[in-house]
Number of protein chains: 2
Amino acid sequence: MLKLGKLTDYATVLLAAMAAEPERLHAALELSGRTSVAAPTVAKLLKQLQKGGLVQSTRGAHGGYRLSRAPALVTVADVIRALEGPIAVTDCAVHDGGCAIEVGCAARAPFRLINAAVTQALEAVTLADMAASLNAAPRRPAEVSMTEVPIFFHPAARQVSAHVRRR
Amino acid sequence: MLKLGKLTDYATVLLAAMAAEPERLHAALELSGRTSVAAPTVAKLLKQLQKGGLVQSTRGAHGGYRLSRAPALVTVADVIRALEGPIAVTDCAVHDGGCAIEVGCAARAPFRLINAAVTQALEAVTLADMAASLNAAPRRPAEVSMTEVPIFFHPAARQVSAHVRRR
DNA sequence: GTAAAGAAGACTAAAGCAGTCCGGTTTGCG
DNA sequence: CGCAAACCGGACTGCTTTAGTCTTCTTTAC
């Protein structure tokens, strides 16, 4: 399915919730309540995100987590890399060796290009975009039409959901 | 890792090998020899690809498999869909329900856009492209640079590796 | 000093994936 | 007519990855 792990999905939701109030300190339990993600899972994810440098922690009573960077500077690709390692559609797209085919493999070069394209799509969406779509009036899923997609590819378009938010 | 299954990878290699001689009939064993993929695996994959409508089989002695469509009309996305089902970066990007968060989920709409973008990248590469890169002089991996990627997004550019092939 | 909060890691259960093997059917050819 | 080559269809097993939980320890505010 070319699937992302469920945990990565949750992590994105958590970070989006934090991005709504970037300055505040967010306790793990509080985030669990706000996002409906199970508390132990939230704790586990935040630890990993901290290891990946995406959030900073404050220990002790009234402690919590805070985003390390401004929401606009954190992309979905960053989240995936923090939790699942480098983005690699196939193994051979990233590291050489280990593949029996390797030499004269027709798929290799094209897969590298695909990998780069996928990465670019993931770099195009930031936490700020997600937080914005949280604050906006709820949209019905069907309203996100396929025709809106090419905005990703316009060189100047960084804030994807700015487009989504309108109308 | 956003990984594709290894089997999907192999299937792409097999189809690329067949695309080099689209008219011929290819026996499973012969393809195994040409691609270094284990014979039972080849057989299994071709069966699945047939179920997915990508190849046609001829039974009996001197039988084999043939591509159902011209190589230029088969994309990597087709291969993935035949083996792994619909392309879905997250579950909620495709089917509704089953997600505890669901309502008021900030990540949902953005993930749908990402999913569409990823799909588009996968649709952009065909078996014909791969077969071409097989016939061309072998390129060293490093030569496929990131700067070549945007070709994917140019509206008129369908044959990605036509660009890769040159120089 | 006590309570609230994060840190760290071990552990279990479940799911998906890769790979193999089997018996069956169709077809070509001597 | 019978054998061999090739595909057909599915069952089955072992492995890896993932999700999720639990426990114990450390830090800090009041």
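**Group meeting: DNA strand D and two helices of chain A**

I begin with A:L7, where a backbone N or O atom lies 3.3 Å from a phosphate oxygen of DNA strand D, a polar contact, meaning a pair of N or O atoms within 3.5 Å. This is a predicted model, in which local features need pLDDT of at least 70 and side-chain atom pairs count only at pLDDT 80 or more, while totals for chains, interfaces and linings use all residues. Residues are numbered from 1 along each chain as its sequence is written, chains are lettered from A in the order in which they are written, and side-chain values use heavy atoms, with hydrogens and water left out.

For A:K6, a backbone N or O atom is found 2.5 Å from a phosphate oxygen of DNA strand D, and for B:Y65 a polar side-chain atom lies 2.4 Å from a phosphate oxygen of that strand. Both A:K6 and B:Y65 are among the residues that come nearest, out of the 26 around DNA strand D, where being near asks for a heavy atom within 4 Å. Of the strand's atoms within 4 Å of the protein, 68% belong to sugar or phosphate and the rest to bases.

Let me turn to chain A, where helix α1 (residues 6–19) and helix α3 (residues 39–51) pack at about 80 degrees with axes 10 Å apart; helices here are DSSP runs of H or I with at least four residues, and axes are lines fitted to C-alpha atoms over the stretch in contact, with angles running from 0 to 180 degrees between N-to-C directions. The two helices α1(A) and α3(A) are therefore roughly perpendicular, a term that covers 65 to 115 degrees.

Definitions and conventions. Angles under 35 degrees count as roughly parallel, over 145 as roughly antiparallel, 65 to 115 as roughly perpendicular and the rest as oblique. A polar contact is a pair of N or O atoms within 3.5 Å; within protein, one must be able to donate a hydrogen and the other to accept it, and residues adjacent in sequence count only if both atoms are side-chain atoms.
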